[in-house]
Amino acid sequence: MIWKKSLFMSAPVLFAFMCVVSIHTATLSAQLPPPAHDPGVRGGAAGAGAPLAGLTAGQLLFFNEGKADFDEQETVPDGLGARFNLDSCGGCHAQPATGGTSPAINPEVAMATAAGAHNTPPFFVQSNGPVREARFKFQADGVTRDGGVHDIYVITGRSDAPSGCQIMQEDFDAQNARGNVIFRIPTPAFGTGLMEAIPDGTIAGNLALNATGSSGRPRPIR
Ligand code: HEC
């Protein structure tokens with residue numbers, strides 16, 4: 001019954017024990033950095049999203065054309081559908097500037113019924129939540145890997161959809177019940193033009209040099 005005895009420590013022993021504990025805690029808190037603190041949404045001007053300084057007139061034109069295209073709202077005649085997530089790049093990539101991540105109000109909610117569509121936002125799409133894209137882990141057989149993005153909406157009912165279009169939304173509740181859905185929020189695309197500007201030959205050359213010990217296979221975008 002040793003454990004019982006230890007419950008009845010004498011007052012001085014208890015006191016000494018508590019001192020040790022509190023000294024120990026004090027030492028620990030002196031060593032640890034202050035607890036992490038979320039500063040919330042940053043105020044002030046956006047620190048990204050503008051063109052680089054010193055572009056030539058042609059480069060600036062190219063940037064502005066690209067940005068306009070990024071923000072343009074597409075319609076079915078432009079190529080929207082038959083399944084889709086939203087009608088513009090800039091709708092999802094918006095915070096703190098065009099090219100960034102989700103805006104404060106998720107545009108996927110209004111998109112559900114825009115232009116007369118009858119979509120129902122899936123359970124993971126909420127006004128005050130982030131823009132979400134859904135990927136399925138596996139195909140219907142439950143074995144073959146999928147991994148692809150499965151669009152949340154369809155063009156059925158939209159005023160610009162071809163008549164007779166009856167395509168149905170994916171059943172995300174059923175997929176979720178199978179534990180088959182994973183989510184992604186928009187990656188800010190700032191600076192990807194700079195990466196794009198690296199000639200393929202430089203990437204291949206660096207790989208051949210292997211100076212950093214990195215390895216892999218370059219995947220050119222065509
Ligand atoms: C419905 C919202 C949505 C729309 C519309 C959208 N994106 Fe994205 N974007 C995302 C999400 C979510 C990711 C992260 C994807 C992932 O990790 O699976 C992403 C990632 C990206 C990336 C980073 C890719 C990488 O591998 O690092 C780029 C670049 C990008 N989007 C460009 C675009 C362009 C260009 C368009 C328009 C043609 C567009 N996005 C439209 C949500 C969106």
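Helices are DSSP runs of H or I with at least four residues, numbered from the N terminus. In the predicted model described here, P96 lies in the loop between two such helices, α4 and α5. The peptide bond that leads from Q95 to P96 is cis, with omega near 0°.

The protein as a whole contains eight helices and five strands. Along the sequence these elements follow the pattern α-α-α-β-α-α-β-β-β-α-β-α-α. The average pLDDT is 86, and 85% of the residues score at least 70. Residues 1-25 stay under a pLDDT of 50, and for this stretch the model has two contacts beyond four places in sequence. Of the 222 residues of the protein, 14% count as buried. Among contacts with a separation of 6 or more, 56% are between residues 24 or more positions apart.

Three of the strands form an open sheet in the order β3-β2-β5, with antiparallel pairing. Strands β3 and β5 are the edge strands, each pairing on one side only. Strands of a sheet pair through backbone hydrogen bonds, either parallel or antiparallel. Four bridges join β2 (residues 133-136) to β5 (residues 181-184), and in this pair F136 has V181 as its bridge partner. Two bridges join β2 to β3 (residues 149-150), where A134 stands opposite H150.

A134 of the sheet also belongs to the largest nonpolar core. This core has 16 residues, of which C92, A134, I152, Y153 and I155 touch the most other members. Leaving out residues up to four places away in sequence, I155 touches V76, L80, G81, A82, A117, A161 and C165. Two of these contacts of I155, G81 and A82, are joined to each other by a peptide bond that is cis, with omega near 0°. A82 is placed in the loop between α3 (57-71) and β1 (83-84).

C92, listed above for the core, is also one of the residues closest to the ligand. The ligand is surrounded by 14 residues, and the closest are N85, L86, C89, C92 and R184. Helix α4 (residues 89-92) supplies three residues, the largest share of this shell. By type, the shell consists of seven nonpolar, five polar and two charged residues.

The loop between α5 and β2 holds a further backbone feature, at A115. The phi of A115 is near 55°, a positive value in a residue other than glycine. Most residues other than glycine have a negative phi, and most peptide bonds are trans. A115 counts as partly exposed because 16 C-beta neighbours lie inside 10 Å; the partly exposed class falls between 12 or fewer neighbours, which is exposed, and 20 or more, which is buried.

P121 is found in the loop between α5 (108-111) and β2 as well. P121 has 19 C-beta neighbours inside 10 Å and therefore counts as partly exposed. Apart from neighbours within four places in sequence, P121 is in contact with E108, V109 and A112. The C-alpha atoms of P121 and A110 are 9.0 Å apart in space, while the two residues are 11 residues apart in sequence.

Notes:
Residues numbered from 1 in each chain as written. Predicted model: local features only at pLDDT ≥ 70, side-chain atom pairs only at ≥ 80, totals over all residues. Near = placed C-beta within 6 Å. Nonpolar A, V, L, I, M, F, W, Y, C, P; charged D, E, K, R; others polar. Core = buried A, V, L, I, M, F, W, Y, C linked by C-beta atoms within 7 Å. Contact = placed C-beta atoms within 7 Å. Pairing = 2+ DSSP bridges. pLDDT = per-residue confidence, 0-100.
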